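This report goes through the contacts inside one protein model. It is meant for a reader who has not seen the structure before.

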Amino acid sequence: MCGLTGVLIGNKRRRKTELEEIGRVFTELLLLNQARGKDAAGLAMIRRDGTYSLCKRPGPAAKLVLEEKYSEIMGRLDNGTTCILGHTRWKTRGTEANSLNNQPIRAGAVIGTHNGTILNADRLFKRYRLRRTAETDSEFIFRLADKKESIEDFTACVSDVRGGMSAVFTRTSAPDTVLAIKGNKPLTLWYHKDFRSVFYSSEEWPLEKVIGMSRNIVRLDVSLFTLSAFNVSDLMDFRQHDFYFKGKMRSYSSWGYQDYLSTEHF
């Protein structure tokens, strides 16, 4: 279990106060998502020109946000920023002492965050002849995305994945587009009309606590087992693609997540 959180920032001229508010919301969401993982935390800020800033550290998000490096990166938030990707890690494979095992992960031109466990990652790395620099299974999904640049090629290969997955990633070669996978792990996305931005979180309760429901909020209808392609020129006009893999479905209730069936999607 890990926490995914972040913001996709639509095209708009913003005053400094609005940019600071977007940054504040992101930080609060990151802190609340540490309930899903305290072994490591990180963020990546990507700009329209393809440059990016990346910071990840062992320990909880509460420790990360106090670092000078974190403040430095958040101070770079401006009208050239397309997205901020955040992650809180609960380690399942690979020590958090090795920064390469923590997230966000950079794999070639791809920068992304993943929640879940890819059970057959070792075999898939070999099958697709992908470079590997870390111990974690999460690296596979971003190495594959870096190699398979078209959505069609990428989704075709993912049918071999066994395990759990939701993820958010972008390419430095196409930073205006952000891809969000909602598989069998939780992922909630809200569009904020005033900010023209999409805020997301693994679970909905951090969004409710930090932003709150109002007429300015649109809950995005993102289906299970889909890959949604967002472009910052118009975040509400996103496209959903089928994204099938073999995993175990999970349902959510006030009592928590419970496995209720094992499904095969091919």
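## Phe 154 and the largest core

Leaving aside residues up to four places away in sequence, Phe 154 touches Ile 141, Leu 144, Ala 145, Lys 148, Phe 169, Ile 181, Leu 227 and Phe 243. The model is a predicted one. Its largest nonpolar core has 29 residues, and Phe 140, Phe 154 and Val 158 are the ones that touch the most other members.

Several elements give two or more residues to this core: strand 5 (105-107), helix 4, helix 5, helix 6 (151-158), strand 8, strand 9 (174-182) and strand 13 (226-231). Helix 5 supplies the largest share, five residues. Another core lies apart from this one; it has 27 residues, and Ile 22, Ala 41, Met 45 and Leu 77 are among them.

## Aromatic pairs

Across the whole structure, a search finds nine aromatic pairs. One of them joins Phe 142 and Phe 169 in an edge-to-face arrangement, with 5.9 Å from centre to centre and 65° between the planes. This pair links distant parts of the chain: Phe 142 belongs to helix 5 (residues 139-147) and Phe 169 to strand 8 (residues 166-171), 27 residues apart. Both Phe 142 and Phe 169 are buried.

Why is the pair of Phe 195 and Phe 199 edge-to-face? The ring centres of Phe 195 and Phe 199 are 6.2 Å apart and the planes stand at 65°; planes over 60 degrees apart count as edge-to-face, so the pair is given that name. Phe 195 is buried, at a relative accessible area of 12%, and Phe 199 is buried at 1%.

Phe 154 appears again in an aromatic cluster, which is made up of Phe 142, Phe 154, Phe 169, Phe 225, Phe 243 and Phe 245.

## Asn 120 in its loop

Where does Asn 120 lie? Its place is the loop between strand 6 (110-115) and helix 4 (121-127). Asn 120 has a relative accessibility of 9%. Residues under 20% count as buried, so Asn 120 is buried.

The side chain of Asn 120 reaches the backbone nitrogen of Arg 162 at 3.0 Å. When residues up to four places away in sequence are not counted, Asn 120 touches Asp 160, Val 161 and Arg 162.

## Salt bridges

The count of salt bridges comes to 15. In one of them, the side chains of Arg 47 and Asp 78 meet at 2.7 Å, N to O. Arg 47 is in strand 2 (residues 40-47), while Asp 78 is in the loop between helix 3 (68-74) and strand 4 (81-89), so this salt bridge ties together parts that are 31 residues apart in sequence. Arg 47 is partly exposed, with a relative accessible area of 26%, and Asp 78 is partly exposed with 27%.

Glu 67 and Arg 57 also form a salt bridge through their side chains, at 3.1 Å, N to O. This pair likewise links distant parts of the chain, with Glu 67 in the loop between helix 2 (61-64) and helix 3, and Arg 57 in strand 3 (residues 52-58), 10 residues apart. Arg 57 counts as partly exposed at 30% relative accessibility. A further salt bridge brings together the side chains of Glu 139 and Arg 143 at 2.8 Å, N to O. Both residues lie in helix 5, four residues apart, about one turn of the helix. Glu 139 and Arg 143 are both buried. Elsewhere, Lys 12, Arg 14 and Glu 18 are joined into one network by salt bridges that share partners.

## Cysteines

How many disulfides does the structure hold? The number is zero. Cys 55 is in no disulfide, and the nearest cysteine sulfur to it, that of Cys 83, is 16 Å away. Cys 55 is buried, with a relative accessible area of 2%.

For Cys 83, the closest cysteine sulfur is that of Cys 55, at 16 Å. A disulfide needs sulfur atoms within 2.5 Å, so this distance is too far for a bond. Cys 83 counts as buried, at 0% relative accessibility.

Notes. Residues are numbered from 1 along each chain as its sequence is written. This is a predicted model: local features need pLDDT of at least 70, side-chain atom pairs count only at pLDDT 80 or more; totals for chains, interfaces and linings use all residues. Side-chain values use heavy atoms; hydrogens and water are left out. Rings of Phe, Tyr and Trp (its six-membered ring) pair if their centres lie within 6.5 Å; planes under 30 degrees apart count as stacked, over 60 as edge-to-face and the rest as tilted. Buried means under 20% relative accessible area, exposed over 50%, partly exposed in between (1.4 Å probe, protein chains only). A polar contact is a pair of N or O atoms within 3.5 Å; within protein, one must be able to donate a hydrogen and the other to accept it, and residues adjacent in sequence count only if both atoms are side-chain atoms. Contact means heavy atoms within 4.5 Å. A salt bridge is a side-chain nitrogen of Lys or Arg within 4 Å of a carboxyl oxygen of Asp or Glu. A nonpolar core is a set of buried Ala, Val, Leu, Ile, Met, Phe, Trp, Tyr and Cys residues joined through side-chain atoms within 4.5 Å.
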